[in-house]
Amino acid sequence: MLAAPLAACSAEHGADAWAASVCTALAPWRSEINTLTTRTQQQMTMRTTPGQAKENLARLFDGARAASETARAGVERAGVPDVDGGKAIAAAFVGSLTGMRDAYGTAHDGIESLATTPTSTFYTEVDKVVTRLNTEYEKSGLDTSKLDSVELKEAFESLPECQ
């Protein structure tokens, strides 16, 4: 008698439903990250004062950190997919976004800690912060094409939310 109500409260979702929830959480994040990445690249090539560059980059990295946290929380809310290894898969997604969030946070803090003089030293140090960000970001990446779940692979490849 309790099986039906308990099943309704389950934190597990079918592959399609889970993938749709995850993709819905990730879509605004991807858009924001693409926008912020473009702005960062523009900022790196523009000749602004070190103070302006520092302020702009700190704001950009903080925005990316916040967007990553929003996406992480959305993926966490998606729960666990009802597939073999579902808990590990959900944890990998959340862990990946946590790593990306933390990488942006570290970049923000790194930029904030830089002295703006001398100018040449500032820009050299900015390059180091961005290089570290790229390295940490790549380590955190998750390739959905390498999922162990055939059901999830198919869902990610076929659902409109994931395109």
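User: Let's start with a loop. Where does Pro 118 lie?

Analyst: Pro 118 is found in the loop between helix 4 and helix 5. This is a predicted model, and in it the peptide bond from Thr 117 to Pro 118 is cis, with omega near -10°.

User: How do you know which parts of the chain to trust, and where does pLDDT stay under 50?

Analyst: pLDDT is the predictor's confidence in each residue, on a scale from 0 to 100. The chain averages 86, and 90% of the residues score at least 70. Over residues 1-10, though, pLDDT stays under 50, and the model has zero contacts for them beyond four places in sequence. Where pLDDT is low, the predicted coordinates should not be read in detail.

User: Happy to set that stretch aside. Which elements does the chain have, and in what order do they run?

Analyst: There are six helices and two strands. Starting at the N terminus, the order is α-β-α-α-β-α-α-α.

User: What share of the contacts join residues at least 24 apart?

Analyst: Counting contacts between residues at least 6 apart in sequence, 77% join residues at least 24 apart. As for burial, 41% of the 163 residues are buried.

User: Why is the pair of Tyr 104 and Tyr 137 called edge-to-face?

Analyst: It is one of five aromatic pairs in the structure. The ring centres of Tyr 104 and Tyr 137 are 5.6 Å apart, and rings pair if their centres lie within 6.5 Å. Their planes meet at 65°, and planes over 60 degrees apart count as edge-to-face, so this pair takes that name.

User: What makes this pair a tie between parts of the chain?

Analyst: Tyr 104 belongs to helix 4 (residues 86-112) and Tyr 137 to helix 5 (residues 119-140), so the pair ties together parts that are 33 residues apart in sequence.

User: Are those two tyrosines, Tyr 104 and Tyr 137, buried or exposed?

Analyst: The cut-off for buried is under 20% relative accessible area, and exposed means over 50%. Tyr 104, at 7%, counts as buried. Tyr 137 has 22%, so that ring's residue is partly exposed.

User: And why is the pair of Phe 122 and Tyr 123 edge-to-face?

Analyst: Their planes stand at 75° and their centres are 5.1 Å apart, so this pair is edge-to-face as well. Phe 122 is buried at 0% relative accessibility, and Tyr 123 is buried at 15%.

User: Which residues have the most contacts inside the largest nonpolar core?

Analyst: Trp 18, Leu 152 and Phe 156 do, within a core of 46 residues. Helix 2 (15-45), helix 3 (50-77), helix 4, helix 5 and helix 6 (150-158) each supply at least two residues, and helix 2 gives the most, with eleven. In soluble globular proteins, nonpolar side chains tend to be buried together.

User: What is Trp 18 in contact with?

Analyst: Beyond its neighbours within four places in sequence, its contacts include Val 80, Pro 81, Ile 89, Phe 93, Leu 152 and Phe 156. Trp 18, Phe 93 and Phe 156 also form one aromatic cluster.

User: How do you know that helix 3 spans what is expected?

Analyst: The expected span is 1.5 Å times one less than the number of residues. Helix 3 has 28 residues and reaches 40 Å from first C-alpha to last, close to the expected 40 Å. Just after helix 3, Gly 79 takes a positive phi of about 85°.

User: Why is Arg 72 called buried?

Analyst: Its relative accessible area is 12%, and buried means under 20%, so Arg 72 qualifies. Arg 72 is placed in helix 3 and, leaving out residues up to four places away in sequence, touches Val 94, Leu 97, Thr 98 and Arg 101.

User: What about Asn 34: why is it exposed?

Analyst: Asn 34, in helix 2, has a relative accessible area of 51%, and exposed means over 50%, so the label holds. The C-alpha atoms of Asn 34 and Ala 64 are 9.6 Å apart, with their positions 30 residues apart along the chain.

User: One last residue: is Val 129 buried or exposed?

Analyst: Val 129, in helix 5, is buried at 14% relative accessibility. Apart from neighbours within four places in sequence, Val 129 contacts Ala 107, Gly 110 and Ile 111. From Val 129 to Ala 107 the C-alpha distance is 5.8 Å, although they are 22 residues apart in sequence.

Terms used
Residues are numbered from 1 along each chain as its sequence is written. This is a predicted model: local features need pLDDT of at least 70, side-chain atom pairs count only at pLDDT 80 or more; totals for chains, interfaces and linings use all residues. Side-chain values use heavy atoms; hydrogens and water are left out. Helices (H or I, at least four residues) and strands (E, at least two) are DSSP runs, numbered from the N terminus. Buried means under 20% relative accessible area, exposed over 50%, partly exposed in between (1.4 Å probe, protein chains only). Contact means heavy atoms within 4.5 Å. Rings of Phe, Tyr and Trp (its six-membered ring) pair if their centres lie within 6.5 Å; planes under 30 degrees apart count as stacked, over 60 as edge-to-face and the rest as tilted. A nonpolar core is a set of buried Ala, Val, Leu, Ile, Met, Phe, Trp, Tyr and Cys residues joined through side-chain atoms within 4.5 Å.
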